[in-house]
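Okay, thanks everyone for coming. I'll put the structure up and then walk you through a few places in it.

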Amino acid sequence: MKIGVLSDIHSNAVALEAVLSRLEDANVEEYICAGDVVGYYSRPNETISLLKEVNPLIVRGNHDEGVTTETPTSFNYYAKRSLDWNRRELTEEGMRFLRRLPPTIRTEIGGREVFIAHGSPRNPISEYIHEEDISEEFLDYSFENPPEVVVLGHTHKPYVKKVGDTLVLNPGSVGQPRDRDPRASFAVLETEKPSAEIRKAWYNVDEIAEHTKEYLPRKLADRLYEGK
Ligand SMILES: [Fe+2]
């Protein structure tokens, strides 16, 4: 079974639409989202509507938590300002969707046991796990029984790494890539082997950048052109 894997969309509905179109062309049957649906950019309600159409297995990110909390801590000025704006902009239905997101999911999909978290298995909302952190030791520390597939997000940098019998992947960020590639980043997981491939989609950066600049600091829009 082919699964489309997304993370860190951050209210960039323009990038999400491009990615969903590519995943439809790739004939994926299911979707996974590793959190951070909102924050940073200016189209939160549209982003949630698009996501609901594909009904993904989805967990909560630190920005999803931040927007549903009145006084979030540990965000920088730009993230905080954007969260405040996103909170005002979100419909009650959107807020309800975000409040209900679980911190982790462990389930069987396509015959494989899959674990999903935004940050790390032990600190699912806010710990950063980078490619170099993935090791046998990390899996032993994180799980009593490591699953066959682990999906993480939060770093906005994509990787696929096999450790023992476990495939660990981070699809990178749909809405705010930080790997110096401005294209929207996502992944296709093939459960048969299992294996995963990072993919990139061009989208209309001007459209979301111009819209964002109407309401939020210009710096958030500018970084999209550099993928950082
Ligand atoms: Fe994020």
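Let me start with a question: which residue in β6 stands opposite Val-114? That would be Val-149. Before going on, a reminder that what you see is a predicted model.

So, around that pair. β5 covers residues 112–117 and β6 covers 149–151, and the two run parallel, joined by 3 bridges. On β5 there is also the pairing with β4, residues 104–109, which is antiparallel over 6 bridges. If you want a landmark for that one, find Thr-104 and look across to Ala-117 in β5. β4 and β5 form a hairpin with 2 residues between them, and Gly-110 in the turn has a positive phi of about 60°. As for burial, β5 is mostly covered, with 5 of its 6 residues buried. One thing to keep in mind while you look along the strands: in a regular strand, side chains alternate between the two faces of the sheet.

Now over to the other sheet I wanted to show. This is an open sheet of 5 strands with mixed pairing, and the order reads β3-β2-β1-β9-β10. β3 (57–58) and β10 (195–201) are at the edges with a single partner strand each, so each has one side left without a neighbour in the sheet. Further in, β1, residues 2–6, runs antiparallel to β9, with 4 bridges joining them. Val-5 is opposite Ala-187 in β9 there.

From β9, follow the chain into the loop that leads to β10, and you reach Pro-194. The bond between Lys-193 and Pro-194 is a cis peptide, with omega at about -10°. While we're on backbone geometry, most residues other than glycine have a negative phi, and most peptide bonds are trans. Two more spots are worth a look with that in mind. Asn-27, in the loop between α1 (13–25) and β2, has a positive phi of about 60° without being a glycine. Tyr-40 also has a positive phi, near 70°, and is not a glycine either. Are these two buried or exposed? Asn-27 is exposed, because its relative accessible area is 58%. Tyr-40 sits at 7%, so that one counts as buried.

Tyr-40 is in the loop between β2 and α2, and Ser-42 lies in that loop too, between β2 (30–33) and α2 (44–54). Ser-42 counts as buried because its relative accessibility is 3%. What do we find around the Ser-42 side chain? There's a polar contact of 2.6 Å to the side chain of His-211, and another of 3.1 Å to the side chain of Thr-212. Leaving out sequence neighbours within four places, the contacts of Ser-42 include Ser-11, Trp-85, Ile-208 and Tyr-215.

Next along the chain from Thr-212 is Lys-213, in helix α7, residues 205–213. The C-alpha atoms of Lys-213 and Ser-42 are 8.7 Å apart, with their positions 171 residues apart along the chain. Lys-213 comes out as partly exposed because its relative accessibility is 26%. Beyond its neighbours within four places, Lys-213 contacts Arg-218 and Ala-221.

Here's another serine: Ser-173, in the loop between β8 (166–170) and β9 (184–190). With 0% relative accessibility, Ser-173 counts as buried. A polar atom of its side chain lies 2.7 Å from the backbone oxygen of Asp-8. Not counting residues up to four places away, Ser-173 touches Ser-7, Asp-8, His-156, Ala-184 and Ser-185.

A quick stop at Glu-93, in helix α5, residues 92–99. Glu-93 is partly exposed, because the value there is 47%. Its side chain makes a polar contact of 2.9 Å with the side chain of Lys-52.

Last item, the largest pocket, with a volume of about 310 Å³. Which residues lie nearest its centre? Those are Asn-62, Thr-73, Ser-74, Phe-75 and Ser-126, out of 20 that line it. The lining divides into 6 nonpolar, 11 polar and 3 charged residues. Helix α3, residues 62–67, gives the largest share of that lining, with 4 residues.

That's my tour, so over to you.

Conventions: Residues are numbered from 1 along each chain as its sequence is written. This is a predicted model: local features need pLDDT of at least 70, side-chain atom pairs count only at pLDDT 80 or more; totals for chains, interfaces and linings use all residues. Side-chain values use heavy atoms; hydrogens and water are left out. Buried means under 20% relative accessible area, exposed over 50%, partly exposed in between (1.4 Å probe, protein chains only). A polar contact is a pair of N or O atoms within 3.5 Å; within protein, one must be able to donate a hydrogen and the other to accept it, and residues adjacent in sequence count only if both atoms are side-chain atoms. Contact means heavy atoms within 4.5 Å. On a 1 Å grid over the protein atoms alone, a cavity is a set of points where a 1.4 Å probe fits but cannot get out, and a pocket is an open set with protein on both sides within 12 Å along at least five of seven lines; lining residues have an atom within 4 Å of a point. Grid points are joined across faces, edges and corners, and a volume is the space filled by probe spheres set on the points. Ala, Val, Leu, Ile, Met, Phe, Trp, Tyr, Cys and Pro count as nonpolar, Asp, Glu, Lys and Arg as charged, and the others, Gly among them, as polar. Two strands pair if DSSP finds at least two bridges between them.
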